[in-house]
Amino acid sequence: MQFHAYGDRDNKRILLLHGMLCDWAKFRALLRPLEASYYVIYPAMTGCYDGSADFVSFAEECAQIEAYVLENLGGQLDAVWGASQGATVLTELLARNRVRVNTAILDGVYLAHQGKLAAMLGLRAFLRMQRNGGQVSGAMRAASRLMGLKKEDMAEFSLMYRGASRSSMKANLIENYTYRVNEAIRDCEAEVHLWCGDREPYAIKSHNLLKPLLRHYEERIWPDAGHGVMLYFHTDEYLDAIRDVLGRIGE
């Protein structure tokens with residue numbers, strides 16, 4: 001894992017976790033306006049940058065985040081935002097409770113167990129996209145309907161990192177599709193914000209798995225939106241929503 005930090009260290013400290021098999025720099029291009037007001041840290045997840053080792057597990061990703069935060073930020077973060085798989089990794093980070101997180105935003109978290117077969121089908125689709133220079137295949141478009149994505153939403157797949165190895169992609173997808181929520185998240189004291197679109201059945205199901213385990217949460221369902229649509233297609237509105245949440249820290 002790599003860490004890239006921008007902004008004034010005296011501002012609130014925000015860590016931003018990108019989605020599955022995506023390029024952190026492409027997420028930064030969308031979220032960069034936050035750097036004017038916050039100290040922003042972008043982890044590049046293992047397997048998703050040139051020269052990276054292969055991905056192992058969400059627990060290993062969390063261990064690397066914890067080591068960085070403990071060494072560089074005194075073990076504390078004002079907020080962590082995660083999208084898609086980044087949100088799932090964030091649930092594990094909160095459950096481990098080894099660094100202090102005041103506020104967490106989980107956008108499109110997927111904790112509804114889909115199984116290894118779904119992971120292998122996903123691997124086939126991602127490998128085809130990789131061979132085709134990022135072109136979205138018919139199989140991927142069909143699978144994307146389960147995430148509430150329409151044909152016109154396919155542009156968000158441009159956020160993918162295309163250089164991942166087959167073994168790293170396989171491990172990543174298997175972890176993503178077989179991960180189950182760590183119930184130690186019951187001990188988490190963070191204020192958790194659960195976000196997703198109203199066309200995301202798996203994310204909504206995941207919210208329902210999480211809500212009985214969380215001490216403090218607030219849910220927001222974006223109308224007429226699929227997975228990642230608000231971030232990618234309505235970025236200004238989305239950034240304002242993040243700023244609203246961050247503005248409440250310390251109240």
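Let me start with a word we'll need: a cavity here is a set of grid points where a 1.4 Å probe fits but cannot get out. Hi everyone, and thanks for coming. The structure above is a predicted model, and searching all of it turns up 2 cavities of 30 Å³ or more.

Before we step inside them, let's look at the sheet. It is an open one with 7 strands, in the order 1-3-2-4-5-6-7, and its pairing is mixed. At the edges sit strand 1, residues 2-6, and strand 7, each pairing on one side only. On average, neighbouring strands are turned by 20° against each other, if we ignore direction. Helix 7, residues 201-210, packs on this sheet and touches strand 5, strand 6 and strand 7. The direction of helix 7 makes about 160° with that of strand 6.

If you'd like one pairing to find on screen, take strand 2 and strand 3, which run parallel and share 3 bridges. Ile-14, for example, has Val-40 in strand 3 as its bridge partner.

Now, back to the cavities. Which elements give two or more residues to the lining of the largest cavity? They are strand 6 and helix 8, and helix 8 has the largest share, with 3 residues. The volume of this cavity is about 50 Å³. Among its lining residues are Asp-107, Cys-196, Glu-200, Trp-222 and Tyr-238. Sorted by class, the lining holds 7 nonpolar, 3 polar and 2 charged residues.

The second largest cavity has a volume of about 30 Å³. Here strand 2, helix 1 and strand 3 each give two or more residues to the lining, and helix 1 leads with 3. The lining includes Leu-16, His-18, Trp-24, Tyr-42 and Trp-81. In this lining, 8 residues are nonpolar, 1 is polar and none is charged.

Last stop: two residues with an unusual feature to look up. Leu-21 is not a glycine, yet its phi is positive, at about 55°. You'll find Leu-21 in the loop between strand 2 and helix 1. Asp-224 also has a positive phi without being a glycine, near 50°, and its place is the loop between strand 7 and helix 8.

Are these two buried or exposed? Leu-21 is buried, because its relative accessible area is 3% and the limit for buried is under 20%. Asp-224 counts as exposed, because its relative accessibility is 53% and exposed means over 50%.

That's my tour. Thanks for listening!

Definitions and conventions: Residues are numbered from 1 along each chain as its sequence is written. This is a predicted model: local features need pLDDT of at least 70, side-chain atom pairs count only at pLDDT 80 or more; totals for chains, interfaces and linings use all residues. Side-chain values use heavy atoms; hydrogens and water are left out. Helices (H or I, at least four residues) and strands (E, at least two) are DSSP runs, numbered from the N terminus. Buried means under 20% relative accessible area, exposed over 50%, partly exposed in between (1.4 Å probe, protein chains only). Two strands pair if DSSP finds at least two bridges between them. Axes are lines fitted to C-alpha atoms, for helices over the stretch in contact, and angles run from 0 to 180 degrees between N-to-C directions. Contact means heavy atoms within 4.5 Å. On a 1 Å grid over the protein atoms alone, a cavity is a set of points where a 1.4 Å probe fits but cannot get out, and a pocket is an open set with protein on both sides within 12 Å along at least five of seven lines; lining residues have an atom within 4 Å of a point. Grid points are joined across faces, edges and corners, and a volume is the space filled by probe spheres set on the points. Ala, Val, Leu, Ile, Met, Phe, Trp, Tyr, Cys and Pro count as nonpolar, Asp, Glu, Lys and Arg as charged, and the others, Gly among them, as polar.
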